[in-house]
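I opened this model to look up the ligand site first and the nonpolar core second. My entries follow in that order.

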Amino acid sequence: MFNKILIANRGEIACRVAATARRMGIRTVAVYSEADAGSKHVAVCDEAVLIGPAAARESYLRGEKIIAVAKATGAQAIHPGYGFLSENAEFAEACEQAGLVFIGPPGSSMRAMGSKSAAKQLMEGANVPLVPGYHGDNQDPAFLNTQADRIGYPVLLKASAGGGGKGMRIVEHSVDFKAALASCKREAISSFGDDKVLVEKYLTRPRHIEIQVFADKLGNCVYLHERDCSVQRRHQKVLEEAPAPGMTPAMRKQMGEAAVAAAKAVNYVGAGTVEFIVEQRAGGEMNFFFMEMNTRLQVEHPVTEAITGLDLVEWQLRVASGEPLPLKQEQLKISGHAIEARICAENPDNNFLPATGTLRVYRKPQASAFERSTVRIDDGVREGDAISPYYDSMIAKLIVHGDTREQALARLDEALARTHIVGLATNVQFLRHAVRSPSFSQANLDTALIEREKAVLFHQEPVGLPQAAAAAVAQTLLDEKALEGTDPFSRRDGWRSHGIATRRFQFEFHGETHEAQLSYLHDGALVLAIAGSSAPLEFSRSGDGIDVRYAGRRQTVTVYSTGELDHVFTAGGATQILATNLLAHAGEGLADAGRLTAPMPGKVVSFSVKAGDKVSKGQPLAVMEAMKMEHTIAAPLDGVVAEVMYAPGDQVAEGAELLKLTA
Ligand code: ADP
């Protein structure tokens, strides 16, 4: 076994490989770009070497540089992760020539599978079923058009060198063929530098089922069962699970053996995935067709680890160092059900456009990695880290395991609810909707799921205005009391002795402004009025969150504030509400409304008005800082500033009068 390896990747996969290496007593060398100098993968490896600027082609794609680093640091092998150089045959060969072990298949296997059309020709020879289509060398447009006519519409045009869902066109009618072909070729040349395409039958509502294979250098090859990756957006996977719902043992054996045949046909070594597109037929029968083979570890490999109880990176390291496969086919069992959700920085409401930003809050459900635990999180970021535009937008993978699919589903929903991310747009809420959608929960899986369940998936209102406002008010009151270092309820009388009986808030929710009024009753109870209804508000701390009881509902919420924006997380969903803490004023209504008091102890940051200024209702007058947050004090009515009582920088007590207004 190696005693030191270099990990030629970044993010979650670099961290994940490092974790197994550490467990096996193998030292690790990280490489990183300038953008990643402070990143998690650099921190978790034993050594780290800067290899260039942020752009991947100047850093993570520089094969010669990475090989030089491996030599210089005394690493014996290179793990490429996925993406970047992982499927680059020249790089694999250059490693071997430099006397380093490439942890992956030989360059020749990658080349054989690198072209979708060549791979299909090869698979045809190995008797692996193919989608009806044309994948030959003749690229004459008229010829391809007649092939499409023969196959029957709709057909799918695919860039032969394509990947990542790019370079595909669906053609519905013969008349549209030539234009689609031209556009597909343009995209293929610009994305992959090769305009060769193939034509195949476009299956409507197929499933994507792939087989994990593993081969050693001694000629053994096994399959570690299947994963269903049918839930896709833009032809990219979102949710993956194992085993595939509805898979029969006979079908599994047939597909597994076809996958092993595919791997053997290219003298495969290491971890690989054979992807099949599956046509579901009546009576649970499946027609499966070879799509492509990915010659690397896949993003979704953890679901296979969860159901087999194995560590696939450990297998990769063992095989690469020349050991035989640890288990034989008949020893590979399936236990329970696992689902992975890809948490990405992206905007589901805007066609899943990638988002960037800083993870201001990043709270995860409890996890313990690499055991067959119920929840596992693989990530390459920590709270405070940024998701930059240079690399993949994936933040983390959440993997759950249960005895049954139902149990795994419930655990996934719960784990997603406990994943709190603030600072950038993510697909967490979308994933929760997807997991709870009728199609997914009933395992009615196919690649059209997201399209079909649109109404459910893009539904906007997981938490309503009253609940969000109640959570924001509860958080504000708890923050204020925490500042005073007293129990939230012990000071109620104190509040009243200050003469505060009502307090107004203004909220902005889904673009609309709402007024709320909080009243302190004589018995110490609170009543919150918002959006035309008025009800008692009760709350108490509960772990990291708040137990809020309002308007007939009891919920545990967690609120994170960034400036005046409150991010509210509940078991049912998450939302954002902008809370403008209007003022805390002595409560006899408008007569007193001219007094502007500090809603909490803190520091005066600035006044935007001076004595004599005319102001209008709602206009910001002063900014206070407390709890590391800024609070704007706004004018409660139209008037004139009579007097400003403090200067910027002054510390003020709760209830201190900041300025005087005359109506
Ligand atoms: P890439 O290499 O870009 O990921 P694939 O060939 O693996 O491309 O296909 C990606 C996805 O496109 C598949 O998972 C499936 O959802 C869809 N797809 C591919 N081929 C077909 C087909 N013949 N009919 C319908 N959908 C297809």
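I looked up the polar contacts of the ligand (pairs of N or O atoms within 3.5 Å). A polar side-chain atom of Lys-116 sits 2.5 Å from a ligand oxygen. For Glu-292 the corresponding distance to a ligand oxygen is 2.8 Å, and for an N or O atom in the side chain of Glu-275 it is 3.1 Å. The ligand alone exposes 560 Å², of which the protein buries 95% (Shrake-Rupley areas, 1.4 Å probe).

I noted that the model is predicted: local features need pLDDT of at least 70, side-chain atom pairs count only at pLDDT 80 or more, and totals for chains, interfaces and linings use all residues. Numbering runs from 1 along each chain as its sequence is written, and side-chain values use heavy atoms, without hydrogens and water.

Next I listed the shell: 22 residues surround the ligand (a heavy atom within 4 Å). Among the closest are Gly-165, His-208 and Gln-232. By class I get 7 nonpolar, 8 polar and 7 charged residues, with Gly counted as polar. Domain 2 (105-131 + 206-335) and domain 3 (132-201) each give at least three residues to the shell; the bounds come from an automatic or database domain assignment.

Then I turned to the largest nonpolar core (buried nonpolar residues joined through side-chain atoms within 4.5 Å, buried being under 20% relative accessible area). This core has 36 residues, and Leu-239, Ile-395 and Leu-412 have the most contacts inside it. Domain 2 (105-131 + 206-335) and domain 4 (336-458) both contribute residues, so the core lies between them.

How values were computed: Polar contact = N/O pair within 3.5 Å; in protein donor to acceptor, adjacent residues only side chain to side chain. Buried < 20%, exposed > 50% of the residue type's maximum accessible area, 1.4 Å probe, protein only.
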